[in-house]
Amino acid sequence: MLRYISLYFSFVRFSLGKAMEFRLDFFFRIFMDLAYYAVNIAFFKVIYLHTELLGGWSEAQMMVFVGCFLVVDALNMTVFANNLWWFPILINRGDLDYYLIRPVSSLFMLSLRDFAGNSLVNLVMAAAILAWAIAGLPEPVSFLHIVTLLLLLIEGCFLYYMVHLLTLIPAFWMQSTRGPDQLFFNMIQFMERPHTIFSGWIRKILLTVLPFGVMASLPAEYLLGEHSVYLIVHISLVCLAFFLLLLFFWKYALASYSSASS
Amino acid sequence: MIKKFEPNPRYLWSVFTLELRKLMSYRVDFWTSTLLSVLCQIVVAFFLWKAVFLQIQGDSIHGFTFSSIVLYYLFMPLSNKLVRGPEMSFIASEIYDGSLNRYLIFPVSYFAYKLASHLAYSFVSLFQALLLTILYITVIGWPSEVPFHSSSLLFSLGAVVCSIFLYYTLSGAIEQIAFWADNVWSLLVMQRFVLNLLGGALIPLAFFPTWAQELLRYTPFPYMVAFPVRCLMGQVGLQEWALSILILCLWSAVATVLWFWLWRKGSYQYAGVGI
């Protein structure tokens, strides 16, 4: 375990050094994420000019939800996104070989090798937006509930990564994963809206098999509602199920990998 | 040597048909990406606006009923695909890796070549938009409160043609920043975020505060996104249409001048070996 932590810090150090070599790009990416944050806040601000409640949540509560999904997105952009972008390319070129022969877990190396330094700046900003939104709630929130929320958001980000990786694993058999990848990014819209607006079987699907409602919306509901233990169990069980599913598919996919001719 | 803009119809037609053939060779990709994007957007919009309409008194907000707003979110991704074409012309990546070189020996200018490729993509998107609209009208029906006249269709087609040119020149100008910077894809993503909000793709502009609507009228954003859809839904009269087209043409002229200015300046920077 200590070896992995030390290795991860080496990844971070190396990635930060690399990011600073392309300074203009580094700042462009910070502004890009800022535009994303501004657009999402403005979107809900405009909606609330015409209604007092949306899916049962007031404007102040909705801002907490917005803060939650911005934190999940920023965390994913910082830790996983760059790595997953390269993932299908490595498989198609046969460059996965270099990861398989290393004396560490290939999944660990492939998922965490590249740390996005610019997104770390955005993660701080997303966390500030969440803190501002929580401060704007009419009722005070206890420290314990905030810590629990942060842990649930980390789980949410992990879930985001696992679902995305599952859509990329077909790269072992297909020439291009553009289709499943586009499907994933289209479905991200479901994460950016509170699960409380959906109803019927679509809501059930979003809270289980396609867990886009679990990533940020359920953690927000935990903080805004009754701080239900049931929600913690639900989020954790979905995460566990996807983790097992990912491990199963990863092993199955590796067995089909035939190097450069893949 | 960098060629000047010399539109030779024969060469441009060749580029257009070549691009069409390329698009048709990845049919499944092309169709699934459109279908999935429209489907996800319409499902999210359906539930979001259902939740909003449950809260308000009355049947409409700023002239939109629930069915007309769902129709708006059907047309929006289709219109976006038509106007934005392949989203980017890959100018930035060609500058970055030096593959811009091969265009310099083509018997057609780079501006015209990329415009013809963009138009080919838009042409296929128009075909998709027609099919999906017919499918929607057959299954769900056209909302009775949304007027449909042949003039709406003509206004919309005129708006689309002008919007395509404005989008092409403006995003092309942004891509040319790659002559000086290593990687500019983040600028294009930022442009998309801003266009989606200020152009009316995320929420119809009628829902914005009046001061914001007034301000946005003089910016290029609404004309590249919401304007063609508003025309199709009969929300734009002749006078407003003519004024909007005038503003669109003025912005297109500014963007074209910018495109060529950056091209001239950038070509002195370009080493032709990739970065």
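Start with chain B: for its 275 residues a compact globule would have a radius of gyration near 19 Å, and the chain has 20 Å, which agrees. The model is a predicted one.

**Chain B as a whole**

Keep chain B selected and show its C-alpha trace. Along its principal axes the trace spans about 65 × 40 × 35 Å. Colour by secondary structure next: eleven helices and two strands appear. Followed from the N terminus, the order of elements is α-α-β-β-α-α-α-α-α-α-α-α-α, so two helices precede the strands and the other helices follow them. Now colour by burial. Buried residues account for 40% of the 275 in chain B. If contacts between residues at least 6 apart in sequence are drawn, 82% of them join residues at least 24 apart.

**Where the chains meet**

Bring chain A back and select the contact between the two chains. Chain A contributes 32 residues and chain B contributes 32 residues. On the side of chain A that touches chain B, the elements giving two or more residues are helix H2 (23-47) and helix H8 (178-191) of chain A. H2(A) gives the most, with 13 residues. Colour that side of chain A by residue class: 20 residues are nonpolar, seven are polar and five are charged.

**The largest nonpolar core**

Next, select the largest nonpolar core, a set of 139 residues. Cys68(A), Val72(A) and Leu166(B) have the most contacts inside this core; the three come from both chains. The element that gives the most to the core is helix H3 (residues 59-93) of chain A, with 17 residues.

Centre the view on Val72(A). Leaving aside residues up to four places away in sequence, Val72(A) touches Leu153(A), Gly156(A), Cys157(A), Tyr160(A), Met215(A) and Ala216(A).

**Helix H7 of chain A**

Several of those partners lead to the next stop, helix H7 (residues 143-168) of chain A. H7(A) has 26 residues and reaches 38 Å from its first C-alpha to its last, close to the 38 Å expected at 1.5 Å a residue.

Which residues of H7(A) are buried? Select Leu149(A), Leu152(A), Leu153(A), Glu155(A), Gly156(A), Cys157(A), Leu159(A), Tyr160(A), Tyr161(A), Met162(A), Val163(A) and Leu165(A). Among them, Leu153(A), Gly156(A), Cys157(A) and Tyr160(A) are contacts of Val72(A). An α-helix has 3.6 residues a turn, so residues three or four places apart point the same way.

Finally, show what covers the buried residues of H7(A): the cover includes H3, H8, helix H10 (212-215), helix H11 (217-224) and helix H12 (229-256) of chain A.

Methods
Residues are numbered from 1 along each chain as its sequence is written. Chains are lettered from A and ligands numbered from 1 in the order in which they are written. This is a predicted model: local features need pLDDT of at least 70, side-chain atom pairs count only at pLDDT 80 or more; totals for chains, interfaces and linings use all residues. A nonpolar core is a set of buried Ala, Val, Leu, Ile, Met, Phe, Trp, Tyr and Cys residues joined through C-beta atoms within 7 Å. A residue is buried if 20 or more other C-beta atoms lie within 10 Å of its own, exposed if 12 or fewer, and partly exposed in between; C-beta atoms are placed from the backbone. Helices (H or I, at least four residues) and strands (E, at least two) are DSSP runs, numbered from the N terminus. Two residues are in contact if their C-beta atoms, placed from the backbone, lie within 7 Å. Ala, Val, Leu, Ile, Met, Phe, Trp, Tyr, Cys and Pro count as nonpolar, Asp, Glu, Lys and Arg as charged, and the others, Gly among them, as polar. The radius of gyration is taken over C-alpha atoms; the globule rule is 2.2 Å times the number of residues to the power 0.38. The expected span of a helix is 1.5 Å times one less than its number of residues.
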